[in-house]
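Work through the exercises below with the sequence and the model side by side, and try each task before you read its solution.

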Amino acid sequence: MPGTGSFLLAFAALLGLSWTAGGWVSAAAAGAEQQIPLSVVKLWASAFGGEIRSIAAKYSGSQLLQKKYKEYEKDVTIEEIDGLQLVKKLAKNMEEMFHKKSEAVRRLVEAAEEAHLKHEFDADLQYEYFNAVLINERDEDGNFLELGKEFILEPNEHFNNLPVNVTLSDVQVPTNMYNKDPAIVNGVYWSESLNKIFVDNFDRDPSLIWQYFGSAKGFFRQYPGIKWEPDENGVIAFDCRNRKWYIQAATSPKDVVILVDVSGSMKGLRLTIAKQTVSSILDTLGDDDFFNIIAYNEELHYVEPCLNGTLVQADRANKEHFREHLDKLFAKGIGMLDIALIEAFNMLSDFNHTGQGSICSQAIMLITDGAVDTYDATFAKYNWPDRKVRIFTYLIGREAAFADNLKWMACANKGFFTQISTLADVQENVMEYLHVLSRPKVIDQEHDVIWTEAYVDSTLPQAQKLADDQGLVLMTTVAMPVFSKQNETRSKGILLGVVGTDVPVKELLKTIPKYKLGIHGYAFAITNNGYILTHPELRPLYEEGKKRRKPNYSSVDLSEVEWEDRDDVLRNAMVNRKTAKFSMEVKKTVDKGKRVLVMTNDYYYTDIKGTPFSLGVALSKGHGKYFFRGNVSIEEGLHDLEQPDVSLADEWSYCNTDLHPEHRQMSQLAAIKNYLTGKEPLLQCDKELIQEVLFDAVVSAPIEAYWTSLALNKSENSDKGVEVAFLGTRTGFSRVNLFVGPEQLTNQDFLTAEDKENIFNADHFPLWYRRAAEQIPGSFVYSIPFSTETANKSNVVTASTAIQLLDDRKSPVVAAVGIQMKLEFFQRKFWTASRQCTSLDGRCSISCDDENINCYLIDNNGFILVSEDYTQTGNFFGEVEGAVMNKLLIMGSFKRFLVEFNLCNWWHSDLTAKAQRLKYTLEPCDTEYPAFVSERTIKETIGSIDCDDCLKSFVIQQIQNSNLFMVVVSNECNCESFPPITMEPIEIRYNESLKCERLKSHKIRRRPESCHGFHPEENARECGGVLGLSAKPALVMLPLFLAIFSR
């Protein structure tokens, strides 16, 4: 509006305000700011910027490499990536890989069922098998222990160099079971025939790792054979039957209500046993199941009062939440079981009608020390004649006065009765219900293939022994049930066990060509429940007890890592197996969670046939949507691949070296050379990728000679400030040159496997490559590497820049180059530049040496690279100068971002001897993790802060062609009223009603396609000791009549 500007200026004059690049400031502040002349700071910034860019460009060879790619521009074709076509092709590749794994499991099923069919049970069978705990153990006389014969173990690279036996399997038996129990000995004997199939499977598919058979009797046959070590108390509590893969394969999805008697008679040990029984039942529930727990005496007490009248998904977080509440139960009063049963039946019926549950099996688990009645009127009203809800009864204690009533309830409702007298009895007795629920599936002979989401099983010996750089290995399991095919047992529906094989997540990533996804692109897959199978963010985060993924990584929902999708549009479409595209702005944390990259991603997704999984691909808009192809001769490329400074991404699959044993020791570089020269005709390689590797090798070849000439010139780099030069291309191709001896390197880990973020990985480009790609072309990005140990301050600076073909956003970033220099060398250049001035007499009006000012060099995320106080190096600027950082945020020079927002995953580990599994404490809260990014349009800013009785002035000046800013601050004013601005996570705690709403909320999920809840031929009389009944003969016969008339 005309006149507005002049009016504001006049009004400001009245108030004593003036305008600067930073905004309105008071006249008093403007006077104070004269202490820090902008022109001088500009001079310093220009001098330092010119010097450091000259060094970075010279030693990295960036201009030479840019020139070389420009020379080949006419031979290059640029293509826009078709995201939907790409994701469909990748899904097909994964489908084929998954099919190979499931076929291996199917062969094991057939062999196991055939072996059992031919076996005749022998109660007196004596058989010396290889017990995984006892193998190679000797007694005091040097003789092998019984079941502990010599078992040859040799380190095997394919199995992470663990000592294994690739010709034989061995058998683990839980400590609470007798090694020579006839049922176990017979099972071990007939399952020996699986050894041949294990070896044959491994020969057919050398990418297979652990294969196994988990028996319904409790033993676990594993291939290759490996030594199991008990804990310090001599205990191995691992029981294959409560692993997620076993339960999913053995049973159909289920809705379960657990009723716990807390009447006065349950005091003491009985209540302890009851709580352990509930906990063991929870162990057997998986992500496709739903549950609730009600304690009863003369009243009903929901263990979680918030969940009155409904069921929740049996994911890890919910189960642990209920476990914590079990400790609050205490016994008193009289048990009114009829009220509890009616509540359970009504809840199951109502929940079933919502369509949210399993819509398959339903069960009531009754845990009590007795029942005074059979409650047949209740069952007649709510469960008969269909008996859709199975009743499983657990009699706690040694007395059997009311056992007949509990047995009758189970038998009359297609369930099972067991008596649990001690804590040692709990595990085995709880397992009985799984056999009952598996009957319909067994009778149907439906060998459903199941896949688990990504998880870590920390109790397995291979998991405990692995010294992987990121801790325990993430994997998924494919499993199938094994049934008895003997005719006389058909109606009993006997489950023999489950066979399975593990597939490491790294194996899935090999099917994804990272070079086609661009610098920031990635692929990810989720299950029918929306839980992650693979995602680049599904890995350990950095500070202990702070930014960490969920315990064991199990049940991490996609919404927890793609958290910007507040409405779950992407997640729900993938759960529903749609094929489509979705776009959103994302903020991706890098550099140990300290920095954030802001970009827009296009997501393409489709389903993976024959599995419960859906696959997604994320491509960043701009250069991430384009791919280019170059062309050179094989002869040229091979010649330049021979140069000693060349390496390739270890985790990328240029050639498949797993297919044939003779190729497994071969590096990818050697495999490419053998493939191109025809020396290894059996090698299968990615021709398109190799062609681009050859192109990059030829184009970048001159830089090797350039770096060598710099290194040989003694007058250059005489103080050895620059230590390393490096380049990487979009094909995972790298060159590295050392300007100092390897032993003189300040950062010994840089560009090695120890420094995961700075090398090409299966799921991401190096950090220096990713950050350079988001800088303005031609500029360098500088940073100090962060250490996970707060005391270990970094003493190097990394500088990198991107190389583009064309000067526009559609141009692919073809490479990135950079250097690493000593921090002391870098800081010396800064202090030299900051002593310059414009006066003719050489007297400077201001200097960073002055006591009344502080000079800093910070990067675009606000981290200090240079400070007069060396201990502040690497710290966040807001922690040191909170008032100035606050002002920069208000002025818009920096922006504060929320980079993560998910259910808190704070916990402590307690690996107890008894449970031999991790215990977790989950907090019901959300967490904000702040990160800061400078506004690109800000070149220079002056400002001041009113600090009660004084003014604090400052100048911030961008260093040209970089991500750096010089900040000069007057220190005569403390500004103690302004607190530091930190990067500490902020917990947002909720009141009880909000916590309750979160617990009740059900995310969209897709049920498994198969359901085997009941079968008309099922023999319901196998219900836990029904033959011993002595009372109520009429009632004993009732379910038999019902069974006849309901068929």
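Two strands are said to pair if DSSP finds at least two bridges between them. Keep in mind throughout that this is a predicted model.

**Exercise 1. A sheet of six strands**

Task: Find in which order the strands of the sheet that holds S25 and S29 follow one another, and which strands stand at its edges.

Solution: Begin with one pair, S25 and S29, which are joined in the antiparallel sense over 3 bridges; in this pair Val-646 has Arg-735 of S29 as its bridge partner. Passing on from strand to strand, you obtain an open sheet of 6 strands in the order S25-S29-S28-S32-S31-S30, with antiparallel pairing. S25 and strand S30 (781–783) are the edge strands, and because each has a single partner strand, one side of each is left without a neighbour in the sheet. On average, neighbouring strands of this sheet are turned by 20° against each other, with direction ignored.

Next, look at the helices that pack on the strands. H21 lies across S25, strand S28 (722–729) and S29, and runs at about 10° to S29. H23 also packs on this sheet, where it touches S28, S30, strand S31 (796–804) and strand S32 (813–822), and its direction makes about 85° with that of S32.

**Exercise 2. A sheet of five strands**

Task: Work out which strands stand at the edges of the open sheet that contains S33 and S34.

Solution: The order of the 5 strands is S34-S33-S39-S38-S37, and their pairing is antiparallel. Strand S34 (864–867) and strand S37 (940–946) each have a single partner strand, so one side of each is left without a neighbour in the sheet, and these two stand at the edges. From one strand to the next, the twist averages 20°. At the S34 end, strand S33 (residues 853–859) is joined to S34 by 3 bridges, running antiparallel, and Tyr-856 stands opposite Ser-867 in S34. Helix H23 (residues 823–833) packs on this sheet and touches S33, S34 and strand S39 (964–970), with its direction at about 60° to that of S34.

**Exercise 3. A covered strand**

Task: Decide which residues of S10 point one way and which point the other way, and whether they are buried or exposed.

Solution: In a regular strand the side chains alternate between the two faces of the sheet. In S10, accordingly, Phe-290, Asn-292, Ile-294 and Tyr-296 point one way, while Phe-291, Ile-293 and Ala-295 point the other way, and all are buried. To be buried, a residue must have under 20% relative accessible area, and 7 of the 7 residues of S10 (residues 290–296) are buried. Strand S9 (residues 254–261) pairs with S10 in the parallel sense over 7 bridges, with Asp-255 having Phe-290 as its bridge partner in S10.

**Exercise 4. The largest cavity**

Task: Describe which residues and elements line the largest cavity.

Solution: The structure holds 8 cavities of 30 Å³ or more, and about 190 Å³ of space lies in the largest cavity. It is lined by 16 residues, of which His-520, Tyr-522, Glu-537, Lys-588 and Arg-770 lie nearest its centre. Strand S21 (580–590) and strand S22 (595–607) are the elements that give two or more residues to this lining, and S21 gives the most, with 3 residues. Sorted by kind, the lining residues of the largest cavity comprise 6 nonpolar, 4 polar and 6 charged.

Definitions and conventions. Residues are numbered from 1 along each chain as its sequence is written. This is a predicted model: local features need pLDDT of at least 70, side-chain atom pairs count only at pLDDT 80 or more; totals for chains, interfaces and linings use all residues. Side-chain values use heavy atoms; hydrogens and water are left out. On a 1 Å grid over the protein atoms alone, a cavity is a set of points where a 1.4 Å probe fits but cannot get out, and a pocket is an open set with protein on both sides within 12 Å along at least five of seven lines; lining residues have an atom within 4 Å of a point. Grid points are joined across faces, edges and corners, and a volume is the space filled by probe spheres set on the points. Helices (H or I, at least four residues) and strands (E, at least two) are DSSP runs, numbered from the N terminus. Ala, Val, Leu, Ile, Met, Phe, Trp, Tyr, Cys and Pro count as nonpolar, Asp, Glu, Lys and Arg as charged, and the others, Gly among them, as polar. Axes are lines fitted to C-alpha atoms, for helices over the stretch in contact, and angles run from 0 to 180 degrees between N-to-C directions. Contact means heavy atoms within 4.5 Å. Buried means under 20% relative accessible area, exposed over 50%, partly exposed in between (1.4 Å probe, protein chains only).
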